[in-house]
Amino acid sequence: MTAPLTRSLEARYYTDPAIFEQEKQGLLARTWQFAGHVAQVREPGDYFAFEIAGQNLFCIRGRDGEIRTFYNVCQHRAHEVVTGAGNTRVVVCPYHAWTYELTGHLRAGPNIKSVPGFDRSAICLTPVRTELFNGFIFVNLDDDAAPMDDWYPGVRAEIRAFVPQIDDLEPLEWVEIPESCNWKVSIENYSECYHCPTNHPTFATGVVKPETYDIQPDAGGGYVLRHTTECQSLDKMTYPIDLSVPHAGDYQSWFLWPMFSFQCYPGNVLNTYHWRAQDADHCTVWRGWYTEGGSESAVIRQLAVQDRETTVEEDIRLVESVHRGLKSRGYRPGPLVLDPACGVMSEHSIARLQQWMREAVDTDASGVDDGRHL
């Protein structure tokens, strides 16, 4: 008996501005999103501002060493309290000089003592759920969301097995990549290697063996896709690696739905992707590269350049073409290639990814809470 075909998502899931607004208010506001790295808030009072799902936020390290995240808005008259990054003893709103402790609690404000019944202790910047994940800071605008270890079971320990020095790593370089496509188009492109042998000759011949590439959804139902493959033979590698180190000959990636991925390149080289969605037609991708203490490394710098000039540039052309194609009146969603044997030439990872995409949008549209806080 022939199994029914699984077809790709309809174009409207990518091109309809109303669906993007729905995602911004729903999916992107109740999933774990990357904020930054602990190295950005090394000392008490260090802070940086950023945006998630259209909301302006900032992370700051307190005198107690805890990293907290707040909505970047004064509780007095709604002025933003910080911009950019820096260090401060207290958080002072530039509008009326209301002053907050690093814990977010109101410390002082001009003439507030003259107001009868004013309870300073009742006023605090609005906190945002924050978790540290192997030195990376993640936030979730949903206070009731399950912890990251529930969303991504086993990933924290698995990454440490591949990158045992991860606690000592700091960002060396961020590469910013604007793309004229819907964020889901870019995520899908990242989440399959069906296109790699045809479109990524450097990656496919100088980093990994495409014939060993496989991408598997989490067997326990977690929101993670694991990419696994072997490195190329040493004489073909575009950079040197020491195979005496555990996992040095392996490549593994952990894509954390919906917008972040840890990658361990052969040689135990940690790098990351994270995405930010601007609107239905534009997103930005950042590639992060890390070394111990953020120390200079000619090998990592060369890898970042090679990646930007080959794989990244090749992917930009692909995803922007796909996004244009999704707006074609002639597009009819075709069947995904779901090979029962899996492997590099199968799109079973896309089937799972599109399932999550469809469920997120359709659940919000129906108004039914499925209880998973997705």
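These legends accompany several close-up views of a predicted model.

**View 1. The disulfide between C193 and C196.**
Welcome to the cysteines, a friendly place to begin. A search of the whole structure turns up 1 disulfide. In general, a disulfide is a covalent bond between the sulfur atoms of two cysteines. Here the partners are C193 and C196, with an S to S distance of 1.9 Å. The angle about the S-S bond is -105°, and the link of C193 and C196 is left-handed. Are these two cysteines buried or exposed? C193 is buried, with a relative accessible area of 4%, and C196 is likewise buried, at 4% relative accessibility.

**View 2. C59 and its distance from C124.**
Why does C59 form no bond with C124? The closest cysteine sulfur to that of C59 belongs to C124, and because the two sulfurs are 15 Å apart, they are too far from each other for a bond. C59 is also buried, with a relative accessible area of 0%.

**View 3. C74, with the sulfur of C93 as its nearest cysteine sulfur.**
C74 takes part in no disulfide, and the nearest cysteine sulfur, that of C93, lies 3.9 Å away. A disulfide here requires two cysteine sulfur atoms within 2.5 Å, so the 3.9 Å between the sulfurs of C74 and C93 does not qualify. As for its surroundings, C74 is buried, with a relative accessible area of 5%.

**View 4. Helix α5, residues 183-190, and its cap.**
Take a stroll along this helix and see how it is covered. Of the 8 residues in α5, 8 are buried. They are W183, K184, V185, S186, I187, E188, N189 and Y190. Which residue caps the N-terminal end of α5? That role belongs to N182, which places a side-chain oxygen 2.9 Å from the backbone nitrogen of K184.

**View 5. The largest pocket, with a volume of about 540 Å³.**
The lining of this pocket has 22 residues, and the closest to the pocket centre are S8, E188, E192, V322 and E347. E188 is also one of the buried residues of α5. Which helices each supply at least two residues of the lining of the largest pocket? They are α5, α8 (298-326) and α9 (348-366). Helix α8 gives the most, with 5 residues. By character, the lining of the largest pocket divides into 12 nonpolar, 7 polar and 3 charged residues.

**View 6. The second largest pocket, with a volume of about 380 Å³.**
Here 23 residues form the lining, and F50, E51, I52, R276 and W286 are the closest to the centre of the second largest pocket. Helix α2 (17-25) and the strands β1 (33-37), β2 (46-52) and β16 (269-279) each supply at least two residues of this lining. How many of the lining residues of the second largest pocket are nonpolar, polar and charged? The lining holds 14 nonpolar, 6 polar and 3 charged residues.

**View 7. P153 in the loop between α3 (148-151) and α4 (155-162).**
Our last stop is a proline. P153 is partly exposed, with a relative accessible area of 29%. Leaving aside its neighbours within four places in sequence, P153 is in contact with E158, D218, G222 and R226. How far from P153 is D167? The two are 14 residues apart in sequence and 20 Å apart in space, C-alpha to C-alpha.

Technical notes: Residues are numbered from 1 along each chain as its sequence is written. This is a predicted model: local features need pLDDT of at least 70, side-chain atom pairs count only at pLDDT 80 or more; totals for chains, interfaces and linings use all residues. Side-chain values use heavy atoms; hydrogens and water are left out. Buried means under 20% relative accessible area, exposed over 50%, partly exposed in between (1.4 Å probe, protein chains only). Helices (H or I, at least four residues) and strands (E, at least two) are DSSP runs, numbered from the N terminus. A polar contact is a pair of N or O atoms within 3.5 Å; within protein, one must be able to donate a hydrogen and the other to accept it, and residues adjacent in sequence count only if both atoms are side-chain atoms. On a 1 Å grid over the protein atoms alone, a cavity is a set of points where a 1.4 Å probe fits but cannot get out, and a pocket is an open set with protein on both sides within 12 Å along at least five of seven lines; lining residues have an atom within 4 Å of a point. Grid points are joined across faces, edges and corners, and a volume is the space filled by probe spheres set on the points. Ala, Val, Leu, Ile, Met, Phe, Trp, Tyr, Cys and Pro count as nonpolar, Asp, Glu, Lys and Arg as charged, and the others, Gly among them, as polar. Contact means heavy atoms within 4.5 Å.
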